[in-house]
Amino acid sequence: MTERIREFLRNRREDGPCLVVDLDVVRDNYLDFARALPDTRVFYAVKANPSPEVLTLLAGLGSCFDTASVAEIEMAMAAGATPDRISFGNTIKKERDIARAFALGVRLYAVDCTDEVEKVARAAPGARVFCRILCDGAGAEWPLSRKFGCEPSLAVDVLEHAHRLGLEAYGVSFHVGSQQGNTEAWDQALASAAGIFRECAERGISLSMVNLGGGFPTRYLRDVPAVEAYGSSIFQALCRHFGNAIPETIIEPGRGMVGNAGIIEAEVVLISKKSASDEVRWVYLDIGKFGGLAETMDEAIRYPIRTPRDGDAVEPCVLAGPTCDSADVLYEKVPYPLPVSLSIGDKVLIEGTGAYTTTYSAVAFNGFPPLKAYHI
Ligand SMILES: *Cc1c(COP(=O)(O)O)cnc(C)c1O
């Protein structure tokens, strides 16, 4: 909680939950990334928080942008990014969207199979492509599964196919899983990437770039390593696997860029028990899974929650949202300790919510409006 956010909330009069993001924190995060990985270009993952204020700030600081749709490309450009600073990093694209991105000037595309390469070759002739490889996401609290990427051996064929079709086979990408707590998680993927570089070289294709993806964590309830620790671990892994031929690198931080910059203020709507002897109280907030806290799915992300009664005795509570959907429960498998004195009408602060909240909030499920956000 920064003084600026505290001041803003003191003066806020509107009803309903809201996210407040302190742009000074985003600026500090960007500078920390730039310092920790000095030879790496930063492509901010727009989906984490696409507000114009965040994008404009980052564009001004020199950031590039990783986008997943034409709309995100247009948002980055509206914020001042030139198309040479934008990658179309989604491996799943309609051919006509590739064509629209190409018309806007975007020249860098992600692929993970030969059919996607063919789309890019037709709709964005001569563009650069990087091939995403699978990564198991071990050590991540929000792993990205097998949806994206291919096996390293197939990546060589995909890149060769791109080369044959007149594209520039530019490099390899991976994502070690979001909220990655292990600073060594990049090592295995970099070993695979180096292998792909070697095999492509044997086929006469010289790759230049490794996209190290995101995964840099935000502090929730547990401490996380500082970004410097990630930077040095990644640099050592690059040296280990690429020797003195270290490729160009980029990172795509999302959560690590904006997560700790935001706080959601919410209100306790109801506190109840299911029976007279129930030991666990149910605490219902005016925000839940459909109001922006979707990352509580499977209780994956556990947000720190502050109340005006902190310091009083606590007891385990089930925490739930306000909608008429039984999936709208935030923490139940592992109940959340909250003060016994917590009361209906109390305001609570949900920390670390600058990333992956506004974009997840429903348009009007049960008539609840989408999460209001203020970027100050
Ligand atoms: C979502 C995403 C990111 C951002 O990941 P974080 O873990 O939030 O840093 C980076 N790259 C790609 C391709 C993504 O889809």
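**Note on the ligand site**

1. A polar side-chain atom of Glu252 is placed 2.6 Å from a nitrogen atom of the ligand, and the reader should keep in mind from the start that this is a predicted model. The pair falls inside the cut-off for a polar contact, because such a contact needs N or O atoms within 3.5 Å.

2. Two further contacts involve oxygen atoms of the ligand, and it is worth looking at which part of each residue takes part. For Ser178, a polar side-chain atom lies 2.5 Å from an oxygen atom of the ligand, whereas for Arg255 it is a backbone N or O atom that lies 2.8 Å from an oxygen atom of the ligand. With the protein around it, the ligand has 90% of its accessible area covered, out of the 390 Å² that it has on its own.

3. The ligand is surrounded by 13 residues, of which Lys47, Ser178, Glu252, Arg255 and Tyr356 come nearest. Sorted by character, the shell holds five charged, five polar and three nonpolar residues, and the space that the ligand takes is the largest pocket.

4. According to an unreviewed UniProt entry, residues 26-258 carry the annotation "domain: Orn/DAP/Arg decarboxylase 2 N-terminal". Across residues 26-258 the chain is 43% helix and 18% strand, while the C-alpha atoms at the two ends are 6 Å apart.

Key. Residues are numbered from 1 along each chain as its sequence is written. This is a predicted model: local features need pLDDT of at least 70, side-chain atom pairs count only at pLDDT 80 or more; totals for chains, interfaces and linings use all residues. Side-chain values use heavy atoms; hydrogens and water are left out. A residue is near a molecule or strand if one of its heavy atoms lies within 4 Å of it. A polar contact is a pair of N or O atoms within 3.5 Å; within protein, one must be able to donate a hydrogen and the other to accept it, and residues adjacent in sequence count only if both atoms are side-chain atoms. Accessible areas come from the Shrake-Rupley method with a 1.4 Å probe; for residues, only the protein chains shown count as cover. On a 1 Å grid over the protein atoms alone, a cavity is a set of points where a 1.4 Å probe fits but cannot get out, and a pocket is an open set with protein on both sides within 12 Å along at least five of seven lines; lining residues have an atom within 4 Å of a point. A molecule sits in a cavity or pocket if more than half of its atoms lie within 2 Å of its grid points. Ala, Val, Leu, Ile, Met, Phe, Trp, Tyr, Cys and Pro count as nonpolar, Asp, Glu, Lys and Arg as charged, and the others, Gly among them, as polar. UniProt positions are given in the numbering used here, feature names are shortened, and annotations may be inferred rather than shown by experiment. Helices (H or I, at least four residues) and strands (E, at least two) are DSSP runs, numbered from the N terminus.
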